[in-house]
Amino acid sequence: MRMSAFIAAPRERVYDALLDPEAVVRWKVPAGMRCEVHEFDASEGGAIRISLTYDAPDRAGKTHGRTDTYHGRFVRLVPNELVVEADEFETDDPALRGEMLITIGLSDVLGGTALDAVHDGLPEGVSPADNELGWREALARLAALVE
C-alpha cells in the first residue's frame, strides 16, 4: 500500500510527531479506536510495542478481546527525512502473522511537507481496504496535530 499526504507544517514538526510517544497516542490510531504505547525507544533498533483497542464492544481485535497489539523496532531513522519501522501483530492467528515494514518519507513542498508512506508485508488476514482507511484516518489526525 502506498499513500501520500500534504501536511501544512514544517517537516521537522512532522518528524518529531512520528517519534514522540505522546503524539503517537493522539494520531497513530484509526477512528473508533484508542491507542496505548507500552514501549517506544525512538532510536535505530529501538523497540516499539503498541496496542489499539476498539471502542465498540462488538469489534474483535487481532490479539485478544477488542485489542490489536503489535511490537517491532525502528529499522532506520534519518532526522526530518525518513522513518522505517518493522512491526508484527501479537497473535496466534497464522493469517495475521508476519513482519510488516512501514516506510515514511518526508520532503519540503511549498507551504509544508509531503509525506509519502509505503506499507509492505501486510498479512493476508488484514483487509487492504481497511488498512488503507485506517492509515488515511491516522494521517489526517497527524496533520491536525502538527498544523
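Mentor: One definition before we start: two strands count as paired if DSSP finds at least two bridges between them. Keep in mind, too, that this is a predicted model.

Trainee: Okay, how many bridges join β3 to β4?

Mentor: Pairing takes at least two bridges, and these strands clear that cut-off. They run antiparallel, and L52 stands opposite D68 in β4. The number of bridges joining β3 to β4 is seven.

Trainee: And on the β2 side, which residue in β3 is the bridge partner of F40?

Mentor: Strand β2 covers residues 33–40 and runs antiparallel to β3, with seven bridges joining the two. The two strands form a hairpin with six residues between them, and G45 in that turn has a positive phi of about 85°. In β3, the partner of F40 is I48.

Trainee: How many of the eight residues of β3 are buried?

Mentor: To be called buried, a residue needs under 20% relative accessible area. Strand β3 is mostly covered by that test. Its buried count is six.

Trainee: Let's move to β7. Which residue in β7 is the bridge partner of I102?

Mentor: β7 runs antiparallel to β6, joined by nine bridges. They make a hairpin with two residues between them, where G111 has a positive phi of about 85°. The β7 partner of I102 is H119.

Trainee: Which residue of β7 is the bridge partner of R2?

Mentor: Here you want β1, residues 2–7, which is joined to β7 by six bridges and runs antiparallel to it. β7 itself (residues 112–120) is mostly covered, with seven of its nine residues buried. R2 has as its partner V118.

Trainee: Phi of N80 caught my eye. What value is it near?

Mentor: Most residues other than glycine have a negative phi. N80 goes the other way, with a positive value. This residue is found in the loop between β4 and β5, and at 22% relative accessibility it counts as partly exposed. Its phi is near 65°.

Trainee: Within what arc do the buried residues of α1 fall, seen down its axis?

Mentor: An α-helix has 3.6 residues a turn, so residues three or four places apart point the same way. In α1 (residues 11–18), the buried ones are R11, V14, Y15, A17 and L18. They line one face of the helix, because they fall within an arc of 160°.

Trainee: Now the charges. How many residues apart are E85 and K28?

Mentor: Side chains of opposite charge can pair when their charged atoms come close. E85 and K28 meet in a salt bridge at 3.0 Å, N to O, and both residues are buried. The pair links distant parts of the chain, with E85 in strand β5 and K28 in the loop between α2 and β2; the separation is 57 residues.

Trainee: How far apart in sequence are the parts that R34 and D55 tie together?

Mentor: The closest N and O atoms of this salt bridge are 3.5 Å apart. R34 is partly exposed at 44% relative accessible area, and D55 counts as partly exposed at 43%. R34 lies in strand β2 and D55 in the loop between β3 and β4, so the parts they tie together are apart in sequence by 21 residues.

Trainee: And D68, is it buried or exposed?

Mentor: The side chain of D68 meets that of K62 in a salt bridge (3.1 Å, N to O). The cut-off for burial is under 20% relative accessible area. At 4%, D68 is buried.

Trainee: Which element gives the largest share of the lining of the largest pocket?

Mentor: The pocket has a volume of about 710 Å³. Of its 32 lining residues, the closest to the centre are P30, K62, D68, D130 and N131. By class the lining divides into 17 nonpolar, seven polar and eight charged residues. The largest share, seven residues, comes from α3.

Trainee: Last one: how many charged residues are in the lining of the largest cavity?

Mentor: About 70 Å³ of space lies in that cavity. Its lining is made up of L18, V24, W27, K28, F74, V83, E85, I102, I104 and W135. Eight of the lining residues are nonpolar and none is polar, while the charged ones number two.

Notes: Residues numbered from 1 in each chain as written. Predicted model: local features only at pLDDT ≥ 70, side-chain atom pairs only at ≥ 80, totals over all residues. Heavy atoms only, no water. 1 Å grid on protein atoms, 1.4 Å probe; cavity = no way out; pocket = protein on both sides within 12 Å on 5 of 7 lines; lining within 4 Å. Points joined across faces, edges and corners; volume = space filled by probe spheres on them. Helix = DSSP H or I, 4+ residues; strand = E, 2+ residues; numbered from the N terminus. Nonpolar A, V, L, I, M, F, W, Y, C, P; charged D, E, K, R; others polar. Buried < 20%, exposed > 50% of the residue type's maximum accessible area, 1.4 Å probe, protein only. Arc of directions from axis to C-beta. Salt bridge = Lys/Arg side-chain N within 4 Å of Asp/Glu carboxyl O.
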